[in-house]
Amino acid sequence: MDENIIETGGCLCGNIKYEFKRKDVVSAGHCHCKDCQRITGSGKATIVFIRTNDLKINEDYKVFSVTGYDGTNVHRGFCPNCGSPIISFVTEQPNLRFIKAGSLDNSDWLKIESSFWSVSSCKWDPVNESLPSYPRNPN
């Protein structure tokens, strides 16, 4: 696998676009928190962790902010035209961004490494038992 591959993605209407080098991915995982369930309309959000400086994204997204279950200040970026969720970040971790894996143009290469917020996982979309799992956010 060529780790210098540039990965791209964006929203449904094409208003939001981003890119990063595959080698710069920190991790990828499934978040089962209630906020991620609501924002995706499913049992979890699959997210790609990337350092802020390694991500190129046009800043045309709209942000909705909440206090997360663990007390962090969570900001979710979505397209103001089509509503597609694209990116999340927390004030307490300014050097990290969370890209919604479903917004990637190609996600076949992605390797999910863990699940978190297993305490709120749905019975109809359970935590993958073959992955390391954390009851809340990993430390």
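## A Guided Tour from Cysteine 31

Begin by selecting cysteine 31, which is buried, with a relative accessible area of 5%. The structure on display is a predicted model.

**First stop: the cysteines.** Keep cysteine 31 selected and add cysteine 33, whose sulfur is the nearest cysteine sulfur to that of cysteine 31, at 3.6 Å. Cysteine 31 takes part in no disulfide. A disulfide is a covalent bond between the sulfur atoms of two cysteines. Now select cysteine 82 and cysteine 79. Why is there no bond between the sulfur of cysteine 82 and the closest cysteine sulfur? The closest one, in cysteine 79, lies 3.7 Å away, which is too far for a bond. The cut-off applied here is 2.5 Å between the two sulfur atoms. The count for the model comes to 0 disulfides. Cysteine 82 is partly exposed, with a relative accessible area of 30%, whereas cysteine 31 is buried.

**Second stop: the sheet.** Colour the strands next. Eight of them make up an open sheet with mixed pairing, in the order E6-E7-E8-E9-E4-E3-E10-E11. Which strands stand at the edges? They are E6 and strand E11 (133-134); each has a single partner strand, so one side of each is left without a neighbour in the sheet. Strands of a sheet pair through backbone hydrogen bonds, either parallel or antiparallel.

Zoom in on E7 and strand E8 (residues 85-90), which run antiparallel and are joined by 5 bridges. Within this pair, select arginine 76, and serine 88 in E8 will be found standing opposite.

**Third stop: a loop.** Move to threonine 72, in the loop between strand E6 (62-67) and strand E7 (73-78). Is threonine 72 buried or exposed? With a relative accessible area of 18%, threonine 72 is buried, because the limit for that class is under 20%. Leaving aside residues up to four places away in sequence, threonine 72 touches Val66, Thr67, Val90 and Glu92.

**Last stop: the largest pocket.** Select Phe49, Gln93, Phe98, Phe116 and Asn137, which lie nearest the centre of the largest pocket among the 27 residues that line it. The space in this pocket is about 570 Å³. Several elements each supply at least two residues of the lining, including strand E3 (25-31), helix H1 (34-40), strand E4 (45-51) and strand E9 (96-100). E7 and E8, visited earlier, also do so, as does strand E10 (114-116). To finish, colour the lining by residue class: 15 residues are nonpolar, 7 are polar and 5 are charged.

Definitions and conventions. Residues numbered from 1 in each chain as written. Predicted model: local features only at pLDDT ≥ 70, side-chain atom pairs only at ≥ 80, totals over all residues. Heavy atoms only, no water. Helix = DSSP H or I, 4+ residues; strand = E, 2+ residues; numbered from the N terminus. Buried < 20%, exposed > 50% of the residue type's maximum accessible area, 1.4 Å probe, protein only. Contact = heavy atoms within 4.5 Å. Pairing = 2+ DSSP bridges. 1 Å grid on protein atoms, 1.4 Å probe; cavity = no way out; pocket = protein on both sides within 12 Å on 5 of 7 lines; lining within 4 Å. Points joined across faces, edges and corners; volume = space filled by probe spheres on them. Nonpolar A, V, L, I, M, F, W, Y, C, P; charged D, E, K, R; others polar.
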